Amino acid sequence: MLHGSLIMNVRIKKLDVDAKTPTYASDGAGCFDLYALHRAGVNEFRPQIIDTGIAFEIPPGYAMFVFSRSGHGFNHDVRLANCVGVIDSDYRGSVKVKLTADPGSGLFVESGDRIAQAAILPLPSIRFEEVEALSETARGANGFGSTSGG
C-alpha cells in the first residue's frame, strides 16, 4: 500500500547488499524509518555513527530531514547527536546517523534495527532583500517568553 495521498518518487541506491530500504511503519506515519547497516552500542561514553548503507537522490528544491525516533528518546534517552540532520539534494553519499545517549542510559542496535526517521520536504530558494525597516507587528522585537503572558 502506498503511504499518504501525495506520492513522490525518490531514487535510492543500496551501497551494501545488507542495506535495508526505508519504510513507513504505518499508514499514518509522518516520517519513514532509516535502518542500521551494522550493530552498534550507544552509551554516554560512546556515541556511535551508524551507517544506513543507503544513498538518496533527493530532487532539487527539496531536502531530507533526519529526526530521532521517539521510542529511542522516551525509552532509552538516546537521540541524534546533532538533533536534526539535513541531507541536501546534491549529496549522493551514504546517509549516516550519529546517536548519543544521556548519562546512565544507552541502547544496543542490531543490523536492520530502526535508528532514525526522516522526511523529504520542499524548500524554497530564498533571496534576501536588505531594507531600512521591517513591517510592524503587535509582538515587535519582544522575544524569549514574551508571548506566554508573563
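Two strands are taken as paired if DSSP finds at least two bridges between them. In this predicted model, V66 stands opposite G85 in β7. Strand β5, which spans residues 62–67, runs antiparallel to β7 and is joined to β7 by 4 bridges. Within this pairing, V84 of β7 is the bridge partner of F67. Strand β5 is also joined to β10, again in antiparallel fashion, by 6 bridges. There, M64 has I120 of β10 as its bridge partner.

These pairings belong to an open sheet of 4 strands, in the order β2-β10-β5-β7 and with antiparallel pairing. The edges are formed by β2 (32–35) and β7 (84–87), each of which pairs on one side only. Direction ignored, neighbouring strands of the sheet are turned by 35 degrees against each other on average. In a regular strand, side chains alternate between the two faces of the sheet.

The largest nonpolar core comprises 26 residues, and the members that touch the most others are L34, I50, F56, M64, V66 and L99. At least two residues of this core come from each of β2, β3 (40–43), β4 (48–57), β5, β6 (78–80), β8 (94–101), β9 (106–109) and β10. For L34, contacts beyond four places in sequence include T52, F56, V66 and V95, together with D113, R114, I115, A116 and A118. P22 is likewise in contact with L34.

I115 lies in strand β10, residues 114–122. I115 has a relative accessible area of 0% and is therefore buried, the cut-off for this class being under 20%. Outside the four nearest places in sequence, the residues touched by I115 are L34, Y35, A36, I50, T52, R69, H72, V97, L99 and V109. The C-alpha atoms of I115 and L80 are 9.2 Å apart, with their positions 35 residues apart along the chain.

R69, one of the residues touched by I115, is placed in the loop between β5 and α1 (70–76). Beyond four places in sequence, R69 touches D33, R114, I115, A116 and Q117. R69 is buried but has no salt bridge. The nearest side chain of opposite charge is that of D33, at 4.1 Å, whereas a salt bridge requires a nitrogen-to-oxygen separation within 4 Å.

The structure holds 4 salt bridges, among them one between R114 and D33, with the closest N and O atoms 3.5 Å apart. This pair links distant parts of the chain, with R114 in strand β10 and D33 in strand β2, 81 residues apart. D33 is buried because its relative accessibility is 6%, while R114, at 33%, is partly exposed.

R39 and E110 form another salt bridge, with an N to O distance of 3.4 Å. R39 is in the loop between β2 and β3 and E110 in the loop between β9 and β10, and the two are 71 residues apart. The relative accessibility of R39 is 56%, so R39 counts as exposed. E110 is partly exposed at 36%.

In the salt bridge between D102 and R79, the closest N and O atoms are 2.6 Å apart. D102 is located in the loop between β8 and β9, R79 in strand β6, and 23 residues separate them along the chain. Both residues fall in the partly exposed class, D102 with a relative accessible area of 28% and R79 at 35%.

Definitions and conventions: Residues are numbered from 1 along each chain as its sequence is written. This is a predicted model: local features need pLDDT of at least 70, side-chain atom pairs count only at pLDDT 80 or more; totals for chains, interfaces and linings use all residues. Side-chain values use heavy atoms; hydrogens and water are left out. Axes are lines fitted to C-alpha atoms, for helices over the stretch in contact, and angles run from 0 to 180 degrees between N-to-C directions. Buried means under 20% relative accessible area, exposed over 50%, partly exposed in between (1.4 Å probe, protein chains only). Contact means heavy atoms within 4.5 Å. Lys and Arg count as positive and Asp and Glu as negative; His and the chain ends are not counted. A nonpolar core is a set of buried Ala, Val, Leu, Ile, Met, Phe, Trp, Tyr and Cys residues joined through side-chain atoms within 4.5 Å.
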